[in-house]
Amino acid sequence: MHQNKLPTTTYLSANEVIEIVRRIGLSACIAGVAERIERDFLRWQDFDKSARVACHSRDGVIELMPVADDHEFAFKYVNGHPKNTRDGLPTVMAFGVLADVDTGAPRLLSELTLTTAIRTAAMSVVAARKLARQDSRTMALIGNGAQSEFQAVAFRDLMSIRTLRIYDVDAAASAKLMTNLAGKGLEIVMCHSAVEAAQGADIVTTVTADKANAVILNADMVASGMHINAVGGDCPGKTELAADVLNGNRVFVEFEPQTRIEGDIQQMPADFPVTEFWRVLAGNVPGRLSNTEVTVFDSVGFALEDYSALCFIRDKAAELGIGGVVELVPRNTNPKNLFGLLAHEKAQVVA
């Protein structure tokens with residue numbers, strides 16, 4: 001008979017993660033996740049990496065995003081359904097798990113909808129600090145939905161952006177952003193088109209939701225020295241940049257095999273040259289080469305970033321004493337006799 005040594009599984013609900021962010025502060029959370037992403041990207045070779053597994057439907061996609069090192073396995077469940085907002089549902093909903101590699105025992109089950117917005121903004125600024133001009137002060141923010149404010153706060157606090165030029169096909173989304181960020185240290189200019197928003201911008205962040213081969217940014221809108229942070233193109237058949245924005249400019253990606261399928265580079269030839277961003281952090285490849293260079297970060301979101309975010313939120317929850325326990329794995333005095341649990345009136349479970 002073996003003693004049950006299964007660890008407890010910590011559970012962080014949506015409300016508990018909101019409480020963590022409120023107590024620490026959004027800016028500190030973005031900075032903390034950014035620091036953790038940098039640290040983990042510098043361990044790039046330590047991780048077992050793969051492109052996410054996706055199930056596509058007419059109106060959206062449901063994905064699983066796994067990654068692991070020698071000690072911990074992580075995955076994120078996430079969807080993307082742009083039409084959801086018509087029914088009062090978020091476009092993106094997510095949760096994640098951390099588990100022990102040695103035993104497979106789940107250690108953490110957490111919401112990741114809010115956390116994903118934080119980690120996406122954190123990844124954007126981690127890249128921009130290496131790829132954008134250091135004197136960048138104006139950013140165009142095209143797409144003003146659920147993730148837009150997080151991008152704005154991240155670039156305000158970690159890249160010293162002071163002016164936002166915003167545009168969305170839904171004017172109500174832009175009005176929402178202006179209300180949420182009023183008095184938050186940013187000059188916000190509401191624009192009437194993506195072309196107008198890009199004028200005078202040092203950085204252009206595109207974070208649109210429609211599952212379509214769209215052209216949000218074309219070469220005529222790109223100025224010398226601009227950094228393009230393309231966030232919204234993240235599945236097959238969904239793009240934001242015209243091919244002529246990619247041609248002739250250096251393009252940086254997270255995990256090349258995944259971005260070839262999902263990113264803006266899906267429209268390019270298979271041998272189109274890209275650079276995995278971890279190489280820049282490691283010092284193997286230079287970031288921005290000059291103040292006149294145009295750089296592109298074709299960001300699709302990668303599982304390693306979610307691992308970093310899960311580790312950050314787990315550690316902060318422990319520090320603050322936030323979180324409960326979920327009864328996820330049955331406890332049995334004889335682990336070989338799972339059927340025997342059904343003979344009891346109430347199965348004992350891992351607490």
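Which hand does the crossing of H3 and H10 have, left or right? I looked this up in what is a predicted model, and I noted that the crossing of these two helices is right-handed.

For the geometry behind that entry, I took helix H3 as residues 113-131 and helix H10 as residues 303-320, and I found their axes 10 Å apart, packed at an angle of about 115 degrees. I then listed the residues that meet: from H3 these are Thr 115, Thr 116, Arg 119 and Met 123, and from H10 they are Glu 305, Asp 306 and Ala 309. Sorting the residues of this contact by character, I recorded 3 charged, 2 polar and 2 nonpolar.

I turned next to the sheet, which is open and built of 8 strands with parallel pairing, and I wrote down its order as S10-S9-S8-S11-S13-S17-S15-S16. At the edges I placed strand S10 (187-190) and strand S16 (275-276), each of which pairs on one side only.

Within the sheet I followed one pairing by residue: strand S8 (residues 138-142) and strand S11 (residues 203-206) run parallel and are joined by 4 bridges. Looking up Leu 141, I found that its bridge partner in S11 is Thr 205.

Finally, I asked which strands the helices lie across. H3 lies across strand S13 (227-230), strand S15 (250-253) and strand S17 (295-298), and I noted that it runs at about 160 degrees to S17. Helix H5 (residues 171-180) lies across S8, strand S9 (163-167) and S10, and for this helix I entered an angle of about 165 degrees to S10.

Conventions: Residues numbered from 1 in each chain as written. Predicted model: local features only at pLDDT ≥ 70, side-chain atom pairs only at ≥ 80, totals over all residues. Heavy atoms only, no water. Axes fitted to C-alpha atoms, helices over the stretch in contact; angles between N-to-C directions. Left-handed = near helix turned anticlockwise from the far one by under 90°. Contact = heavy atoms within 4.5 Å. Nonpolar A, V, L, I, M, F, W, Y, C, P; charged D, E, K, R; others polar. Pairing = 2+ DSSP bridges.
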